[in-house]
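Student: Please teach me how to read a protein model, one feature at a time.

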Amino acid sequence: MKDMASLNLGLIGNCAISALIDAKARLVWCCLPRFDGDPVFHALLDSADGIGEDGSAQVVLENYVRSEQAYDENTAILRTRLYDAQDGGVEIVDFAPRYFLYRRPFRPQLLVRRVRPIKGTPRIRLIVRPRADWGATSVARTRGSNHLRFVGPQATLRLTTNAPITYVIEEVPFTLNGPISLLLGADESLGAGIEESAREHEENTADYWRQWTRHLAVPLEWQSAVIRAAITLKLCLYEETGAIVAAMTTSIPEAPGSQRNWDYRYCWLRDAFFVVRALNSLAEVGTMEDYLRWVRDAVGSIAGEHIQPLYGIGLERELPERVVEHLGGYRGHRPVRVGNQAAEHFQHDVYGNIVLGAAQSFHDLRLLRRGTVEEFEMLERVGQHAWATHDQPDAGMWELRTRARVHTSSVLMSWAACDRLAKIALTFGLEDRAAAWRERAQKIRDKLLAQAWNEQRRCFVESFGGRELDASVLLMAEVGLIDPQDPRFVATVDALEAVLCDGPYMRRYEAPDDFGVPETSFNICAFWRIDALARIGRKQQAREIFEACLAVRNPLGLLSEDTHPANGELWGNFPQTYSMVGIINAAMHLSARWATVV
């Protein structure tokens, strides 16, 4: 009987490729040659009857009874132990090499799997079944002395291994008498021995991640949760271009049967800003420097046109949405979508997100490349868009497909664009420009506070002149538009808690959308609530909610987009950067200070 698919998955990667691995060490999702490419392993999205063998890579232990799984501390190296009925066992170590070589980041298109016996005389079966064209096409195999080549219509993969090639091809069980390694990646020969290469990659990769985490300015409390969140966010950076994807998957539904199945393997300017901000709070500014390269390229190519809310990680502007009909979907929940129509939307908050994401680069003396006057002028062009559109209808941050309004969250970010541009202008001594942007910011702020307030409901609402509640108004305090102690903001928090919250969980909005009334909690909204409660002085309540949010993470400390309030089960694309950002932000706001113990 096949196991039901779940989001109890671990993420491995190296900022060039990534893969998702379940609790039995089955590699169930991996796209090549990029995060948004064709999945060579797609079993996660064809799991109506459970996780099968096609479109996966597995180490199958005979008479399997249980497993253990954990990351090596402070690394992106995943270690799984499988045990059989005779208490024999094997250990599988999975990672993608990442370290510095010749003073440059080394991030090959390579997945490394190391397998060794740890007890008894375990018998295993190796399965490596990549597919192409979203699982529709099998790949031809050719054999070498120590490798297999998988020849697909678009790319060729090479599996180099010291396991018996015949056993790999035939998928027959054999006794694991000693360690073996499997290196799967580009069709290139190894420059050294198989075990030697695998061991060297593992040691260097472990050292890289431990050095990287060593330089994080973590809070005193919840350190493990914050470090795992930070590593996960780093893995969502496509370092070659600097793009940050919203998640590694497509079409994991927001709720069972909801058809809210979207492709999140692209760079949303909104989500990327929050990732940059969270990592900056930990003193990890390298991701911001990489991301700003991508932003400069994106904005520099616009030439006065509106800026899309998302782009491909290679700056692709067209991301046509289509349905892959032959795939059964995650647990049978169709459709499986590729591409995202939201790239065609007008979402006016994008301008503020660009400016906010870049603002620190004009003030931070640590950066190797600080923002320049020319880049400030480029951001001013973005600000002009924010000013011109701040009171115009758009699809809003939730990307509603069938209605347009003047969304409070979009106006808020337009204010933030003008406010931050005024502050950046002062760093260059441009008093006249600072005054002009400050004046615009004030006009937007006055308009927002007047027109987003609903006197009948005694709170800020989701759109100008509207009456429906939306969690995104909580960002008013986070970006500095309103004092969190302002009675209007406190009243808004109370109203949102009464209407949108199910215990510690929080939905995005109360109104039906294109697919009806939302069923699940949107995880980032719960973290916005935590932030708001901390700012208005309700820290004990915020801590209790934070602990409840941490409790629904999967066993490896990762979160998806949504949580079902009825049972705490994770839904939505995975791992969701928004959600992992929330962990970092909440811990930074709520933790006791280091000075209390040192």
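Tutor: Let's start with the nonpolar core: a set of buried Ala, Val, Leu, Ile, Met, Phe, Trp, Tyr and Cys residues joined through side-chain atoms within 4.5 Å. Buried means under 20% relative accessible area, exposed means over 50%, and partly exposed is in between (1.4 Å probe, protein chains only). A word on the source: this is a predicted model, where local features need pLDDT of at least 70 and side-chain atom pairs count only at pLDDT 80 or more, while totals for chains, interfaces and linings use all residues. Residues are numbered from 1 along each chain as its sequence is written, and side-chain values use heavy atoms, with hydrogens and water left out.

Student: Which residues have the most contacts inside the largest nonpolar core?

Tutor: They are Ile-124, Tyr-291, Met-476, Trp-528 and Phe-546, in a core of 204 residues. Helix 8 (residues 408-427) gives the largest share of this core, eleven residues. Helices here are DSSP runs of H or I with at least four residues, strands are runs of E with at least two, and both are numbered from the N terminus. There is also a second, separate core of nine residues, with Phe-95, Leu-110, Leu-183 and Ala-206 among them.

Student: What is Met-476 in contact with, leaving aside its neighbours within four places in sequence?

Tutor: Contact means heavy atoms within 4.5 Å. With those neighbours within four places left aside, Met-476 touches Leu-412, Leu-448, Leu-449, Phe-460, Leu-481, Ile-482 and Phe-489.

Student: Next, empty spaces. How many cavities of 30 Å³ or more does a search of the whole structure find?

Tutor: Eight. The search uses a 1 Å grid over the protein atoms alone: a cavity is a set of points where a 1.4 Å probe fits but cannot get out, a pocket is an open set with protein on both sides within 12 Å along at least five of seven lines, and lining residues have an atom within 4 Å of a point. Points are joined across faces, edges and corners, and a volume is the space filled by probe spheres set on them. The largest cavity holds about 320 Å³. It has 24 lining residues, and the closest to its centre are Glu-254, Tyr-264, Trp-398, Glu-399 and Arg-508.

Student: What classes of residue are in that lining of the largest cavity?

Tutor: Ala, Val, Leu, Ile, Met, Phe, Trp, Tyr, Cys and Pro count as nonpolar, Asp, Glu, Lys and Arg as charged, and the others, Gly among them, as polar. The largest cavity is lined by twelve nonpolar, two polar and ten charged residues. For the second largest cavity, with a volume of about 150 Å³, the split is 14 nonpolar, one polar and two charged. Leu-27, Ala-57, Arg-113, Leu-182 and Leu-184 are the closest to its centre, out of 17 lining residues. Two or more lining residues come from each of strand 5 (57-61), strand 11 (110-119), strand 12 (123-128) and strand 19 (180-186).

Student: And which residues lie nearest the centre of the largest pocket?

Tutor: Phe-100, Lys-234, Glu-284, Gly-286 and Asp-290, out of 19 in the lining. The pocket's volume is about 590 Å³. Helix 2 (194-214) and helix 5 (286-300) each give two or more lining residues, and helix 5 has the largest share with four. The lining divides into eight nonpolar, three polar and eight charged residues.

Student: How many disulfides does a search of the whole structure find?

Tutor: A disulfide is a covalent bond between the sulfur atoms of two cysteines. The test is a pair of cysteine sulfur atoms within 2.5 Å, and the search finds zero. Cys-501 is in no disulfide, and its nearest cysteine sulfur, in Cys-525, is 9.2 Å away.

Student: Why is there no bond from the sulfur of Cys-549?

Tutor: Because the closest cysteine sulfur, in Cys-501, is 9.9 Å away, too far for a bond. Cys-549 is buried at 6% relative accessible area, and Cys-501 is buried at 13%.

Student: Now the backbone. Which residue does a cis peptide bond join to Arg-334?

Tutor: Pro-335, with omega about 0°. Pro-335 sits in the loop between strand 24 (322-323) and strand 25 (337-338). The bond from Phe-574 to Pro-575 is cis too, with omega near -25°. Also look at phi: Trp-134, a residue other than glycine, has a positive value near 55°. Trp-134 lies in the loop between strand 13 (131-132) and strand 14 (137-138), and counts as buried at 6% relative accessibility.
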